[in-house]
Amino acid sequence: MAVLLLVSGLFACSSNKIVRQADAWPSDMPSRAYFVKMYEADETNKKIQTQEEYLTWIVRFYSGWELYRRGWIKMTNELVSQVQDPNQVTEIRHKINRIGRLVSGEWAKKSDTRTIYLRHVSIWGNALLESLDRNEALPLINRVNQDVDDLLAHRIKADVITAERYFPADEDDPFL
């Protein structure tokens, strides 16, 4: 029982680590200043979420955390590692980085104020990886970029973002 309490206490401490101003910002992420500017621009969210909490969720988005190990950086690296053409790698990385900046900046907000949720991030991540198997990475990335723009501009509703939007279910394969 004591071991269980100790382990659960350690997990709680690790999952609640807050990114403080003095903490080192991961070098493989967009700049901290970019996200501070995004945070400062949203007066509604600032009333219910501290900047430190917001930045913590940004780091978790990119690096992963206890409940979701594959962060955006790992997913991006998996995606580009399977592409042979260096020019295509550059274009994919540029577009994926744009998606990451826009999505993380919105997803990191308190759920009362955001438009993008973990469900969307999961759908997009899975669709991006699936697009490689189908040799459709760039068209899919372009579609996700457009959907992110439309979702953030409220031109589409959040519930239209489903896995079937990107790859319709395959009747022959119940796992797709």
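**Exercise 1. Locate His154 and describe its backbone and exposure.**

Step 1. His154 sits in the loop between H8 and helix H9 (163-166). Helices here are DSSP runs of H or I with at least four residues, strands are E runs of at least two, and both are numbered from the N terminus.

Step 2. Look at the backbone angle. Phi of His154 is near 60°, a positive value in a residue that is not glycine. Most residues other than glycine have a negative phi.

Step 3. Check the surface. His154 has a relative accessible area of 61%, so this residue is exposed. Buried means under 20% relative accessible area, exposed over 50%, and partly exposed in between (1.4 Å probe, protein chains only).

Before going on, note the ground rules. This is a predicted model, where local features need pLDDT of at least 70, side-chain atom pairs count only at pLDDT 80 or more, and totals for chains, interfaces and linings use all residues. Residues are numbered from 1 along each chain as its sequence is written, and side-chain values use heavy atoms, with hydrogens and water left out.

**Exercise 2. Do the same for Asn135.**

Step 1. Asn135 lies in the loop between helix H7 (118-133) and helix H8 (137-152).

Step 2. Asn135 is not a glycine, yet has a positive phi of about 55°.

Step 3. Asn135 counts as exposed because its relative accessibility is 73%.

**Exercise 3. Describe the whole chain.**

Step 1. Count the elements. The protein chain has nine helices and zero strands.

Step 2. Find the buried part. Of the 176 residues in the protein chain, 41% are buried.

Step 3. Turn to contacts (heavy atoms within 4.5 Å). Among contacts in the protein chain with a separation of 6 or more, 62% join residues 24 or more positions apart.

**Exercise 4. Find the cavity and describe its lining.**

Step 1. Search the whole structure. One cavity of 30 Å³ or more turns up. A cavity is a set of points, on a 1 Å grid over the protein atoms alone, where a 1.4 Å probe fits but cannot get out; lining residues have an atom within 4 Å of a point.

Step 2. Give the size. The largest cavity has a volume of about 120 Å³. Volume is the space filled by probe spheres set on the points, and grid points are joined across faces, edges and corners.

Step 3. Name residues. The largest cavity is lined by 13 residues, and Tyr68, Arg70, Gly71, Trp72 and Val121 are the closest to its centre.

Step 4. Trace the helices. Helix H4 (51-63), helix H5 (72-81) and H7 each supply at least two lining residues. H7 gives the largest share, four residues.

Definitions and conventions:
1 Å grid on protein atoms, 1.4 Å probe; cavity = no way out; pocket = protein on both sides within 12 Å on 5 of 7 lines; lining within 4 Å.
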